[in-house]
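Me: I want the reasoning behind each label here, not just the labels. Let's go through them one at a time.

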Amino acid sequence: MVEVHAPNVSTVGTERRVVTAIPGPRSVELQERRLAAVSAGASSAVPVFLARAHGAIVEDVDGNAFIDLGSGIGVTTIGHTDDDVVAAAQAQVADLVHGMFTITPYESYVRVAELLAEHTPGDFAKKALLVNSGAEAVENGVKIARKHTGRQGVAVIDHAYHARTNLTMAMTFKNMPYRDGFGPFAGEVYRAPNSYPLVDGLSGEAAAARTIAYLEKNAGAKNLACLVVEPIQGEGGFVVPADGYLPALQEWCAANGIVFIADEIQSGMARTGRWFASEHFGVVPDLVLSAKGIAGGLPLAAVVGRAEIMDASHPGGLGGTFGGNPVACAASIAVFEAIERRGLLAEGERIGATLRAALAELAERHPVIAEVRGLGAMMAIELRDPVTGEPRADVVGVVAQGAARQGVLLLTAGTNGNVIRFLPSLAITDEQLRDAVSVIEGLLP
Ligand code: PLZ
C-alpha cells in the first residue's frame, strides 16, 4: 500500500528568475574547472551548473531559476524531486542500496517487473528485465530477439536514435555527433526510410510499403530478428508517423516472424497522455524498451514484453552489476503509484492541449514554423524557411540560447537540428508553459 509522505521541503519556487548574466559567475568558474577535468566529448548544451530543482523549475548555482522544458531529456517526467520519489528513495537508501539481483534478489525488482507488465500494451503474459540505461535496454532487446528467433539482422528506421554503445551507434541514424570517428560499428544493422509526413507527404500505408520494400531488398525478411522503432522519433525531431504506418509494420513483422520492438525510451511512461505512445497508434509491440522517466530521475531501464520471447535466453544469459538497483526500483514504484493515484496521464493531455494551442498561435504569427506536432507532453515545432523549405537550424540555435538567457531551458532535436522540442514535466502549470512560450515568441523572426 501507498504511504503518503510528508512533503519534500523544497526551497525552489514556481517562476523563472534571472538574477545574473547566463551563465552566471559561479557557473563560469565551474565551467573552467570542468573544461580542465572532464572529457571534451561530454560537452553541455547550456553551461549553467545546477544546484537544485523541484517540479518544473531548476535553479542554478548563481540563484537563477529556469522553467525546464526538457526534464533532462524526458527523465523527470513526474517532476524534479517529486515528494513521493524522494521519500521512497531516501527510505530505500537506509535499508538496502545494492544486492546484485542475479546473485541475491529483492522484492522491488520483481514489483517493477509486475508494474511494467501491467502497464505496457498487450493482454498476453509478459516478463521484464531491468538494466541501467536506455542503451542497455536496446542492447538487451536485440540480444533477446536474436536468441528467440535464431536470426541476426536488426532493422531500424531513418532518423532513429537508439544510443551510443557500439551496437546502438550502428542503429542510430545521425553521424554527428553520435557516430563520427567511433567506428567500426556492429554489423547486421539494416536501415530503411521512415514515415515523415511533413517531408514525404506519404500516407501511413504508402510509407510502410516503402519501408518494407526496402528491408525486403536489403536485408531479407527471413534474416531479421527484430525491427526496432520509436513510435514518435525523439532525437530525430519528434517525428510522428502517419496513421497506419506502425500497424502496417507490425503486421509485416508478425507475418515474417520478426520481433516488433518499440523503443519507448523517450516516448514512454506517461509522457504522451498514455502509459506508452504505442497505444496512440494501435500497435501492441512484442517488446517495449523503457528508461528515462520510469524512476523519477534515478537510473533504471527495462525490456518488457511477451513472456515466451523474454524467456528465450538461457539462465544467466542476461544481467549486469547494477541493473535494477534497489534505490532506482523503489523510486520507480513510487512513480507508477504517483501516476495512478494522482491521475497524471490526464496532466499529459492537459499539457498537450495547452502547448498545441499556444504553438499553433505562434505558427500563425511566425511562418518559420513549418509544423507543430507531437502528443501530450512531447510536442515540437519544426523550423523551415517558408519560401525555400530549407531547415532553419540557425534560428533554433538563437532561440535555445536566447531562451536560456531569459530563464527557459529548452531542447533542440532533428537530424537537421531545426526542431525545438517540448518535454516538460507533468508538474508544469499552464501558466509556466504560456510564460515559456511567450519567451520563445520574442526570439522568433
Ligand atoms: N532510445 C529513443 O531517446 C536517449 C540521449 C541523448 P540512454 N535519448 C537521449 C544523448 O545525447 O545522449 C535514448 C532515446 C531513445 C535510446 C536512448 C538511449 O538512452 O539512457 O541515454 O542510454
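Me: How do the residues of the shell around the ligand divide by class?
Reply: This is a predicted model. The shell around the ligand has five nonpolar, four polar and five charged residues. Gly counts as polar in that scheme.

Me: Which of the residues around the ligand come nearest?
Reply: There are 14 residues around the ligand, and Gly 134, Ala 135, Arg 164, Asp 263 and Gln 266 come nearest. To be near, a residue needs a heavy atom within 4 Å.

Me: What makes the pair between Gly 134 and the ligand a polar contact?
Reply: The cut-off is a pair of N or O atoms within 3.5 Å. A backbone N or O atom of Gly 134 lies 2.8 Å from an oxygen atom of the ligand. So that pair is a polar contact.

Me: What about the side chains of Tyr 161 and Gln 266?
Reply: An N or O atom in the Tyr 161 side chain is 3.3 Å from a ligand oxygen atom. With a limit of 3.5 Å, that pair therefore counts too. For Gln 266, a polar side-chain atom lies 2.8 Å from an oxygen atom of the ligand.

Me: How much of the ligand does the protein bury?
Reply: Alone, the ligand exposes 510 Å². The protein buries 82% of that.

Me: How much space lies in the second largest pocket, and what lines that pocket?
Reply: The space is about 430 Å³. The lining has 21 residues; closest to the centre are Tyr 109, Ala 128, Leu 129, Met 310 and Leu 318. Helix H4 (107–119) and strand E4 (126–131) are the elements that give two or more residues to this lining. E4 provides the largest share, five residues. By class, the lining has 10 nonpolar, eight polar and three charged residues.

Me: Why is the protein chain called as compact as a globular protein of that length?
Reply: The chain holds 15 helices and 15 strands. Its radius of gyration is 21 Å, and the globule rule gives 22 Å for 445 residues. The two values are close, so the chain is as compact as a globular protein of that length. Along the principal axes, the C-alpha atoms fill a box of roughly 60 × 60 × 45 Å.

Me: Which peptide bonds are cis, and where do Pro 177 and Pro 184 lie?
Reply: The bond from Met 176 to Pro 177 is cis, with omega near 5°. Pro 177 lies in the loop between helix H6 (166–171) and strand E6 (189–192). A cis bond also joins Gly 183 and Pro 184, with omega about 5°. Pro 184 is found in the loop between H6 and E6.

Me: What is the phi of Met 100, and where is Met 100 placed?
Reply: Met 100 is not a glycine, yet its phi is positive, about 65°. Met 100 sits in the loop between helix H3 (83–95) and H4.

Terms used: Residues are numbered from 1 along each chain as its sequence is written. This is a predicted model: local features need pLDDT of at least 70, side-chain atom pairs count only at pLDDT 80 or more; totals for chains, interfaces and linings use all residues. Side-chain values use heavy atoms; hydrogens and water are left out. A polar contact is a pair of N or O atoms within 3.5 Å; within protein, one must be able to donate a hydrogen and the other to accept it, and residues adjacent in sequence count only if both atoms are side-chain atoms. Accessible areas come from the Shrake-Rupley method with a 1.4 Å probe; for residues, only the protein chains shown count as cover. On a 1 Å grid over the protein atoms alone, a cavity is a set of points where a 1.4 Å probe fits but cannot get out, and a pocket is an open set with protein on both sides within 12 Å along at least five of seven lines; lining residues have an atom within 4 Å of a point. Grid points are joined across faces, edges and corners, and a volume is the space filled by probe spheres set on the points. Helices (H or I, at least four residues) and strands (E, at least two) are DSSP runs, numbered from the N terminus. The radius of gyration is taken over C-alpha atoms; the globule rule is 2.2 Å times the number of residues to the power 0.38.
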